[in-house]
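Dear colleague,

Please find below the structure I am handing over to you, together with its sequence. My findings follow directly after it.

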Amino acid sequence: MCGPTLRVFHADVMPPFYYSAIKPGAFWEKPKFFSLTMPSFIRSAFEQIRDLWIRTIVFITSPIFQRLLPDPYTKAGNVRDNTKPAHASRVTMTEIISSHQCDLKGFAYAGTILSWIDIAAGIAAKRHAISPSVTRSVDDVAFLHPVKLGDIVSIQASVNKSWKTSMEVGVKVEAESPLTNERFFVAHAYLTFVALSPRPTAKTHLGRVLSGYQPIPVPELIPHSPMEMKRYEMADQRRQARFKQQKPNYQAIRDLMREWSQGLKTKADGIAPIKKHPGYFMVEHSSYNMDMDTEEQPEEPVKNDKKRRFSQDPRMIQQVKEKPMDSTFAEVVELVMPQHANTLSITFGGQIMAWMEICARASANRLAKAYLLTASIDSLNFIASSGVGDVVTIRSIVSRSFNSSMEVYVSVEAENLLTGETKFTNDGFFTITAVDHENIPVIIPKVVPQTQAEVDLHEGGHDRRIKRLQRRRELIHFVNSSSSSSSTAASVDA
């Protein structure tokens, strides 16, 4: 994670947000007579000089103060190693899908899987660094098979390579049915973590400023097995690709969604009509039947496509052919509680991704009236962090729709209720597919952009989709080749 002004996402560069926020007047309150006796331009210059002096003192003393603080690991009688084997960080989590983690069709939410991925990767990173570690970025995650209610999910994570203060963690997700014992591949993910200084919690404001968590060096990772060596070599290639990746600026669409959130739409949302229910209203049978007779009949089912079969279920026929993009806008507001954060009181990256998926599915359901499956999530970079007590606001909009799938843009902001500071933390794209009861794709309406910001977001959807499909094919090829190699090795051993 790095500061909002940093444009090159380098995990080994010390991110500004790791420093405790230093506000003007944090150490010394300005006397009231200054505002009465001093001209405004002199008072402004005085405040700038004072703030510069405070920041300089903190910048000089903070590294010294950090070295004077005790290290819990060495204080317990342990010695920090300069190198560590790859297998020492390995972790395997096993989870069983329960009803509260599933949608209407009994499929597990992708956000739930993503949160488990983040937790498993975080444990692996902490085992290697022996210090608190936070999620810096998440590469693209493609889901190759849905997980259902009752399935047993296995999440395996290990550190692939470490650099100065950062680590890449690879995570593999598999599942098996409790009735058939059939195992199948679900997803694969790569996450980057940054190790922070393990320090005791400060009890005063000055202590928090001087002892803020800062990146620290991590042990060098030593691969042993052929697979560990392969992961070690490929990690450098992915790291270079992350540095070269240029992220477009979606500030215009974020500002537009913020206006919608604040009720500044030129066309106000209408009030939903009252839908009578027998449990609350006395409905006459005659009038009810008359309403049913005059109801508009659905259109004929769409004919089968020559290349791909689409749903013929009349209940899945969409009532409209297209919708304006702003009609898919959705917003989710969450208060970060202690259970949502790590030991540093920083919100779990996996929790943020889970909230993002909820918002993305809300937007998707406003476009398509069907069952939904999350197919993939594009890479995420956490620009800034949120913590316990912050209010996290997630906004989403369907940026482009295709035959039966749609791309949803999601942005996240964090608000500190004590200081009033609001900061952009991260954004990303979800790909969601509409299906019927038999998991057959459903033809969905087209989303129509209206403002220039919407047009710009919509036009980039085609290129983003091509890249996703290419990465998906590469993942399938990688999984198939790995399976073939494992089968060959097993036959040789036999």
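Setting aside neighbours within four places in sequence, Ile222 is in contact with Thr83, Lys84, Pro85 and Ala86. Please note that this is a predicted model. Ile222 belongs to strand S8, which covers residues 220-222. With a relative accessible area of 29%, Ile222 is partly exposed, because that class lies between the limits of 20% for buried and 50% for exposed residues. Tyr232 follows 10 residues apart from Ile222 in sequence, and the two C-alpha atoms are 8.7 Å apart in space.

Turning to the sheet, 6 strands form an open arrangement with antiparallel pairing, in the order S4-S11-S15-S14-S13-S10. Its edges are strand S4 (141-142) and strand S10 (330-335), each of which pairs on one side only. Within this sheet, strand S14 (residues 405-415) and strand S15 (residues 422-435) run antiparallel and are joined by 11 bridges. One bridge pairs Tyr409 with Phe429 of S15.

Helix H9 (residues 349-367) lies across S10, strand S11 (371-377), strand S13 (391-401), S14 and S15. The angle between H9 and S13 is about 45°.

The edge strand S10 also contains Leu335. Leu335 has 40% relative accessibility and therefore counts as partly exposed. Together with Met337 and Leu417, Leu335 forms a nonpolar patch on the surface, and the three residues have about 260 Å² of accessible area together.

Yours sincerely

Conventions. Residues numbered from 1 in each chain as written. Predicted model: local features only at pLDDT ≥ 70, side-chain atom pairs only at ≥ 80, totals over all residues. Heavy atoms only, no water. Pairing = 2+ DSSP bridges. Helix = DSSP H or I, 4+ residues; strand = E, 2+ residues; numbered from the N terminus. Contact = heavy atoms within 4.5 Å. Axes fitted to C-alpha atoms, helices over the stretch in contact; angles between N-to-C directions. Buried < 20%, exposed > 50% of the residue type's maximum accessible area, 1.4 Å probe, protein only. Patch = residues over 30% accessible without salt bridge, like charges linked within 9 Å, V, L, I, M, F, W, Y side chains within 5 Å. Areas by Shrake-Rupley, 256 points an atom, 1.4 Å probe, with all protein chains shown as cover. Salt bridge = Lys/Arg side-chain N within 4 Å of Asp/Glu carboxyl O.
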